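Please open the structure in a viewer and keep the selection tool at hand. The tour below proceeds from one selection to the next.

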Amino acid sequence: MKSNLTSQPTYTEVTEDDAGWILSNTFLILTMQTGFGMLEAGSVSYKNIANIMVKNCVDVTLGGLVYWVAGYALSFGEPSTPFFGYGNFFVTAATVADTGRQYAHYVFQLSFATAATTIVSGAVAERMQLQAYMLFAIVNTFGYCLPAMWAWHHNGFLGSIGFFDFAGGCVVHGTGGASAFVAAYVLGARYKRFARAGEEAVHYTASSPVTALTGLFMLWWAWLGFNCGSTFGISKDRWKVAAKVAVTTLNGSIAGGIVGLVSSFVVFKGRFNIDYIILSVMGGLVSITANCAIISPAESLIIGAIGAAIALFAIRVIERMEIDDPVGAIPVHFASAGWGTMCVGIFGKNDFDLLKGHNGLLHGGGLYLLQVQAFGWILISLWSALFTAVFFLAMNRAGILRMSLQDELMGADWVEHGVRSESVGNKIEKIIKQMN
Amino acid sequence: MKSNLTSQPTYTEVTEDDAGWILSNTFLILTMQTGFGMLEAGSVSYKNIANIMVKNCVDVTLGGLVYWVAGYALSFGEPSTPFFGYGNFFVTAATVADTGRQYAHYVFQLSFATAATTIVSGAVAERMQLQAYMLFAIVNTFGYCLPAMWAWHHNGFLGSIGFFDFAGGCVVHGTGGASAFVAAYVLGARYKRFARAGEEAVHYTASSPVTALTGLFMLWWAWLGFNCGSTFGISKDRWKVAAKVAVTTLNGSIAGGIVGLVSSFVVFKGRFNIDYIILSVMGGLVSITANCAIISPAESLIIGAIGAAIALFAIRVIERMEIDDPVGAIPVHFASAGWGTMCVGIFGKNDFDLLKGHNGLLHGGGLYLLQVQAFGWILISLWSALFTAVFFLAMNRAGILRMSLQDELMGADWVEHGVRSESVGNKIEKIIKQMN
Amino acid sequence: MKSNLTSQPTYTEVTEDDAGWILSNTFLILTMQTGFGMLEAGSVSYKNIANIMVKNCVDVTLGGLVYWVAGYALSFGEPSTPFFGYGNFFVTAATVADTGRQYAHYVFQLSFATAATTIVSGAVAERMQLQAYMLFAIVNTFGYCLPAMWAWHHNGFLGSIGFFDFAGGCVVHGTGGASAFVAAYVLGARYKRFARAGEEAVHYTASSPVTALTGLFMLWWAWLGFNCGSTFGISKDRWKVAAKVAVTTLNGSIAGGIVGLVSSFVVFKGRFNIDYIILSVMGGLVSITANCAIISPAESLIIGAIGAAIALFAIRVIERMEIDDPVGAIPVHFASAGWGTMCVGIFGKNDFDLLKGHNGLLHGGGLYLLQVQAFGWILISLWSALFTAVFFLAMNRAGILRMSLQDELMGADWVEHGVRSESVGNKIEKIIKQMN
C-alpha cells in the first residue's frame, strides 16, 4: 500500500490538529527531564542529589541555547548536504504564515535534543566536575545533531538508504548510550567503587529508591509522548500509527518489567531488586523506541522482553569491565538501544509504507533492512563514542574533567552548590572534621 | 433531545480529533499510577515505601499483560454474551485500517484497568507478601473486567437496563473499594495496630505528608483526564460534555476539600489534619466520577461535599470494626463510590441523551434509575467482594498471603527488596540487633 | 495585516479542536499547583513543609469555590461595566448548546485564578497563620478578578486602550507579586531572620533542594500550557501563535537560566547556587509571559536574560529592605513581571494583529504602547498592593495574622497539622524540651 505519510518527521504539511498534537506531546516529552532528574537523584548518593538535578537543568538551558543557535540548523536546516544541514541558524520563521510549521517542528526536535544529553548525566554522576559537564552539554548538542540529520533529514544519507528509527531509539538513546559508555570509561570509577588487591570496595547507597521509582514512572508515561508524538501529527493516517505506538510502547515496557521481576526473583532468591526493575522497564522502553510503529503488539512483547534481558546482562558485563555507571545508563541506552535498532530489520513490517517498501527479515524482506540498521547503529555509535572520547580526553588532559578526591568525598552538593540542607549538613561536618 | 453520542465509550466512530483526545487523556490517566504511588508511599511507614511503589509498578506490568491477553477480550470483545465478551484476545487490530480505533480504545481502557488494581495496594500495605500481591494483580484484572463489561459493553446487561457510570465511579472505584475492604479484613491489621486488653497499640507514622500531598495533587489533575477523557472523543457534542465534566469534577473535589477542612477544624479544635484533607478531596473526586456528565455544577458541589462527609464518617466505622486501611482506600473507593453511583439516580439529567431517556429522582424520572443504580452498585460490590474473598482466603490457606511477623517488623523494603538506603539502613540494623 | 483572532481569550468561537486544546492545557496548568507546592516545600524549613502544601491545596478549594460563585462573574460576566462584570454568578451554562464554550472558558480561567493566589503562599511561609491564609485565599480571588477583567474582558478599560498581557505576566504574576511584596512586609520577617545589633541572625535552611528543583521543573513545563494555552484554541491562526509561544517561552527560560548560572559563577566564585538557578529560570519565565506571542525568538532571549538579571538584583534589594521572602516570590513575580509587561511596549510587533494595530517602540510604534503598559502595570500593582495591605493590616489588628513565636519555632507542621513524621518528630521533641 502506498502511504500518505512519511516515516520521518516533516513539517511541510502540518494542520491545526497536527500542531495541537505536536505541542501537547512536546510538553509531555519535557517531563522526561523531571523523570530523568528524579531517577538519577534517587540513584546516586545523598551528597550528590542537588548536583544531578542541576545537570538536568543545564541540559535544557545550555543545550537548548545551542540547539536554537546551530543544532537545529545542522539537523534539519536547508540547504543541506547528505551529511549536515546549513540553514535556519538562530531559528526564526521566515514568514508569519510559516510560524506554525517551523516552530512546532523546532520545539518538538528540541525536546529530543535535550534528552540525548541528559542520558549521559547519570553515567558520569558523583565525580565529573559541573563545569566540564556544562561544556559537554554545549558540544554534545552537535554530537547529537548529526546522527539526527543522517536519519531524519529528508536529505540525510542514512534515511536515504532505508535506515529507520521511528522515535530515536538509535538517534537519541543510541547516541546517548554510546556517549555514556565512553564518558564513564574515560572518567574512571568513583572512589574505591571496585575492590583492589587488599582493599575493600566502598558500597555506594542510593539516596532514595522511592524518588528513583517516581522518576521511572514519570519517564514511563512521558515515553508515550516521545514515541506517539513521533508521528508528528494526527491528520491523515497518523492518528492510527499513534494509537498503535501507544500499545506497542506499553507492551514493550510491560514485557521488560516482567523479565526484570522474574530475573530478580531467580538471581536474588525471591527478592525483587529495585535496580533490576528500573533497568528492565527502561530496557523495554528503549528497545521499543526505534521500531514501535512497524511491529505488532505481540512482537513488541518479544522485543521488550529481550531488550530488558540484554540490559540486565549488559550491566554485569560493564561491572566486570569495572566501568562505573551509577544509574545504569549504559546497559539501557547503549545495549538495549542497539537491540531495538536491529529489531527494525528483524520484525519490521511496511504498514502505512513507513518503511518505504522495505520489510524486515521475518516479514519476507530478507537481510537488506537488517544490514542497513546494523550499519546505521554501528556508524552512529562510533561517531558518538569518538566525539565523546575526544572531548573527554581533552578535558582530562586539561585537568578540569574530574573532581578532586576531597571534593568527591564531600560530595558535589556542598562543593559545587554550597548546599547544606538539614539532611546532608551533619555528614559534611563529619567529613570536614575527618579531613582536618 | 436525541443524542448524537453514546453514553458508553465506543470505538466505532473515532475521528482523528477523537484519537488525539483519547491518547492525550490516556497519558494523563497513567500519571495516576505516579499519584497513587506517591500518596501511598507518603502514607505508609518509612520501612515500606519502596515496596508500595513496586506494587504500583506490578499493577501496570502484570496487570497490563493480562489485560492485553484476555482482560480486554472479556470486557469489550466480540462476540459476546450479556455477561462477558469472548473475542479479541491478544489484542491486535484485524486490519491496518482498523488500527486507530481498536488501539485507541484498548489503551484507554487499559489505563482504567490498571487503576482498579492499584486502589487495593494501599489497603493491604505493610503486611501483604509481594508475591501474593503479584498473583492478585494478575487475577484481579478478571475481577475488574466483568463489571466493566456489564456496564460499558454495548451488549452488557447492566448497561441495557439503564445503569450509568460515566467514568468508572462504580466500575473502577467501586470494584477497587469493595476489593480493598475484603482484602484488608481477611489480611488482618498490622502488628498491634489496634489496642488489645492490657496492651497499647503501636502508633504507625506516615513516612512523609509532603509526598502524600504531592501524590494527591497528581491524582487530582489526572482525574480530569480520567473523567473528561471518558467522553471518548471531542467530535460531535463530546467536547461540550468534556468541558462540563471538567467543571463538575473540579467542583466536586473543591466541595469535598472544604468539608474536610471544616470537619478537621471542628474535630481537632483548630488543627487541619492531613488525612482529613486527603480523604475529603479524594472522597469528592470519587463520588463525582460516575455522574459528572449528567449533573450541574451546583449539584456537583452537593455531591462532592456529601461524598467527602461519607468518607470521613466511613473511616471511623472501619476503624471501629478494627479493619486496618493504612491509606484510607476503603472509605473513599468503597463508601464515597457507592454514594456517587446512587447520585446518578438522584441528580441525573438526560442532557445529550446520555441517560438514554431516563432521568434521576430530582429531575422527574421517578425511582427507576435510582433502583437500577442501587442494583448495579450492590451487584458489582458483591461480585468484587466475593472474588477477592475467594482469592485472599485461598492465599491465606496456602500460607503465602501475609508476611511473617519478623518480616513485617523489619519492613518490606529490606525483606523484599534488600533496600538499605541511608535513611532506613540504621533502623534496620537496630531491629536486627534487637532480634538477635 | 488584519487578524482573524483576538488577542484576549474569548469563548464566542470555540470549535471542538479548540476545546481539546483548552482543556488539555488547563490540565497542564493545574500541575503548576504541584510545581509551586514542591518548589515551596523544598525551599522552606523542614518544620513547615506539609503546611505549605496545605496552603496550595487551600488555593484550589477555597479559591476555586469563590471563583465559581463570584470571581468569574466579576472577571468575565455579562452584563458588565468597563471595571467589573456582574453576570454569570454561580457559573452554569445557560443552554445545553452553550455547555462547551462556557465551561471550557471558565475552567481555563479558573486555573489562572488559583495560580495568582498560590504565588503569595511562598512569600508568607513559615510565619502566617493558616486560618488567616485561608481568609486571604478567599478574598484574594476578588483581588485577582478585577485586573483580569480590566485587561481581558472585551469591555475592560485597560484592554480598550490597548493594554496587552498575553498570558498573565501582569494580570497573574504582577498581581501575585505585588500582593506578595505587601504581605511579606506587613507580616514581618521570620524569627531573627535578619541580624540585630549584638545578635546573630538565624540561618534558615531549605528542607530539600531536590524537591525545590523538581518543583521548578514541573512549573517549567506547565508554563508552556500556561502560555501556549492562552491562544485559547488552535483553530484559524491560533495554532501558529501557540507554536511560536512555545519557542519564545522556552527561549526566555533558557536565557534566564544561563544568566543565573553565570551570575552565580561570578558572585560565588565558581559555585552554582541553587537559589540563583531557581530565581533566574523563574525570572525568565515570568518576564516572557505577557509578551511571548508578539516577540521574536531572539528578542525572547534578551527579555528572559534581563528578566532573570532583574530578579537576581531585586532579591538583594528586598534583603536589604529586610523583607523576608522565603521562596523568592517577590523578585520574580513582582520585579520580573513588571519588566515583562513593559517589554510589550518595547519589543511588541503586531503579527496576527494581536496588538490591534499597535507596535512597540523598537518596531516603529513610538511610545504609546509603552505608556499604556506602564500605566496598566502601575495601576494593577497599586490595586493589588492596596487590596492586600488593607486585608493584612486588618488581620494584624485582629491579632490573627501571625503565628505566635512559640508556634513559629515549633513549626506549622506540628502546630497546625499535628504532623509528627519520623523525620520531624525528634526535632519537635527537642524544641518542646527546650521550651519547658
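Begin by selecting Asp237(A) and Lys240(A): these residues form a salt bridge, and their closest N and O atoms lie 3.4 Å apart. The model is a predicted one. Asp237(A) is buried, at a relative accessible area of 15%, and Lys240(A) is buried with a value of 15%.

Next, select Arg193(A) and Glu319(A), whose side chains meet in a salt bridge at 2.5 Å, N to O. Arg193(A) lies in the loop between helix 6 (169–187) and helix 7 (209–228) of chain A, while Glu319(A) belongs to helix 10 (residues 297–320) of chain A, so the pair ties together parts that are 126 residues apart in sequence. Arg193(A) counts as buried at 18% relative accessibility, whereas Glu319(A) is partly exposed at 32%. Now add Glu126(A), Arg190(A) and Asp324(A) to the selection; with Arg193(A) and Glu319(A), they are linked in a network of salt bridges.

Move to chain B and select Arg196(B) and Glu322(B), which form a salt bridge with the closest N and O atoms 3.0 Å apart. Arg196(B) is partly exposed, with a relative accessible area of 48%, and Glu322(B) is partly exposed at 35%. Over all chains, the structure holds 33 salt bridges.

Finally, turn to the cysteines. How many disulfides does a search of the whole structure find? The search finds zero over all chains. Select Cys343(A): the closest cysteine sulfur, in Cys292(A), is 12 Å from its own sulfur, too far for a bond. Cys343(A) is buried, at 0% relative accessibility.

Notes:
Residues are numbered from 1 along each chain as its sequence is written. Chains are lettered from A and ligands numbered from 1 in the order in which they are written. This is a predicted model: local features need pLDDT of at least 70, side-chain atom pairs count only at pLDDT 80 or more; totals for chains, interfaces and linings use all residues. Side-chain values use heavy atoms; hydrogens and water are left out. A disulfide is a pair of cysteine sulfur atoms within 2.5 Å. Buried means under 20% relative accessible area, exposed over 50%, partly exposed in between (1.4 Å probe, protein chains only). A salt bridge is a side-chain nitrogen of Lys or Arg within 4 Å of a carboxyl oxygen of Asp or Glu. Helices (H or I, at least four residues) and strands (E, at least two) are DSSP runs, numbered from the N terminus.
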